[in-house]
Amino acid sequence: MEPTRWLTDGEQEIWQRILAVLTLLPAELDGQLQRDADLTHFGYGVLAMLSEAPARSRRMSELAALVNGSQSRLSHLVGRLERRGWVRRERADDDGRGWVAVLTDAGYAHLAAAAPGHVALVRSLVFDALTPTQVTQLGEITAALLTRLAAPGCPASSGHSGSTADGR
């Protein structure tokens, strides 16, 4: 068994900052979307992924992977979005066994109304705090971390794939 490679003081400081960002940023994004659009950040991500798909529809399993959520969590959310008239579920055409989530016109309109405020907050909290060089570096850093997290054998790689690195 290999001995533990403890974090250096500098690494520990950086790790604490990462933990703070992982706590504070999602809370800010979720709070803004709930206040302004009566929508969670997860719900916004689902609507956004549907809006970008051909015919504004995706298989539920594909959608769960894209938004980094379990199929169970997605199913519960889609049920709530259906009750609001923003999404509907249909049987998959190709095999008739799976389900497809479809973004309705009302859901698209709600997403379009929510997007400017959400993007403004993402820009304010993340990109406006960085220089152009730091933005490039952040892109490289997050790509490296996502590659590691998606690697075979990584606990985080099982059950989830894809990313929402564009602020969703």
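Modeller: A salt bridge is a side-chain nitrogen of Lys or Arg within 4 Å of a carboxyl oxygen of Asp or Glu. The model discussed here is predicted.

Biologist: With which residue does E90 form a salt bridge?

Modeller: E90 is an acid, so its partner must be Lys or Arg. The closest N and O atoms of the pair are 2.7 Å apart, and the partner is R88.

Biologist: Is E90 buried, partly exposed or exposed?

Modeller: Partly exposed covers the range between 20% and 50% relative accessible area. Its partner R88 has 39% and is partly exposed. E90 has 32% relative accessibility, so E90 also counts as partly exposed.

Biologist: How many salt bridges does a search of the whole structure find?

Modeller: The pair of E90 and R88 is one salt bridge. R17 and E13 form another. The search of the whole structure gives a total of six.

Biologist: How many residues apart in helix 1 are R17 and E13?

Modeller: Their side chains meet in a salt bridge, at 2.4 Å from N to O. E13 is partly exposed, at 45% relative accessibility. R17 and E13 are about one helical turn apart because their spacing in helix 1 (residues 9–37) is four residues.

Biologist: Which residue meets D105 in a salt bridge?

Modeller: The N to O distance in this salt bridge is 2.4 Å, and the partner of D105 is R56. The pair links distant parts of the chain, 49 residues apart. D105 is in helix 5 (residues 105–125), while the loop between helix 2 (41–51) and strand 1 (57–59) holds the partner, R56.

Biologist: Is D105 buried, partly exposed or exposed?

Modeller: The cut-off for exposed is over 50% relative accessible area. R56, on the other side of the salt bridge, has 21% and is partly exposed. D105 has 61%, so D105 counts as exposed.

Biologist: What is the phi of R56?

Modeller: Most residues other than glycine have a negative phi. R56 is not a glycine, yet its phi is positive. The residue sits in the loop between helix 2 and strand 1. Its phi is about 50°.

Biologist: Where does N68, with its positive phi, lie?

Modeller: N68 is a residue other than glycine, and its phi is near 55°. At 32% relative accessibility, N68 is partly exposed. N68 is placed in the loop between helix 3 (60–66) and helix 4.

Biologist: At what angle do helix 2 and helix 5 pack?

Modeller: Two packed helices are described by the angle between their axes and the distance between the axes. For helix 2 and helix 5, the axes are 10 Å apart. The crossing is left-handed. The angle is about 115°.

Biologist: How many charged residues does the contact of helix 2 with helix 5 have?

Modeller: Helix 2 brings H41, Y44, L47, A48 and S51 to the contact. Helix 5 brings G107, Y108, L111, A114, A115 and H118. Seven of these residues are nonpolar and four polar; the count of charged residues is none.

Biologist: How are helix 2 and helix 4 oriented to each other?

Modeller: The two helices pack with their axes 11 Å apart, at an angle of about 80°. Angles of 65 to 115 degrees count as roughly perpendicular. Helix 2 and helix 4 (residues 71–83) are therefore roughly perpendicular.

Biologist: Which residues of helix 4 make the contact with helix 2?

Modeller: By class, this contact has six nonpolar, one polar and one charged residues. From helix 2 come F42, G43, V46 and L47. From helix 4 come R73, L74, L77 and L81.

Biologist: Is A92 buried or exposed?

Modeller: A92 is found in the loop between strand 2 (87–91) and strand 3 (99–103). Beyond its neighbours within four places in sequence, A92 is in contact with R59, G98, W99 and V100. Buried means under 20% relative accessible area. A92 has 4%, so A92 is buried.

Biologist: In what order do the elements of the protein run from the N terminus?

Modeller: The secondary structure comes to six helices and three strands. Two helices come before the first strand in the order α-α-β-α-α-β-β-α-α.

Biologist: What percentage of contacts between residues at least 6 apart in sequence join residues at least 24 apart?

Modeller: The protein has 168 residues, and 28% are buried. Its C-alpha atoms fill a box of roughly 55 × 40 × 25 Å along the principal axes. The percentage of those contacts is 55%.

Notes:
Residues numbered from 1 in each chain as written. Predicted model: local features only at pLDDT ≥ 70, side-chain atom pairs only at ≥ 80, totals over all residues. Heavy atoms only, no water. Buried < 20%, exposed > 50% of the residue type's maximum accessible area, 1.4 Å probe, protein only. Axes fitted to C-alpha atoms, helices over the stretch in contact; angles between N-to-C directions. Left-handed = near helix turned anticlockwise from the far one by under 90°. Contact = heavy atoms within 4.5 Å. Nonpolar A, V, L, I, M, F, W, Y, C, P; charged D, E, K, R; others polar. Parallel < 35°, antiparallel > 145°, perpendicular 65-115°, else oblique.
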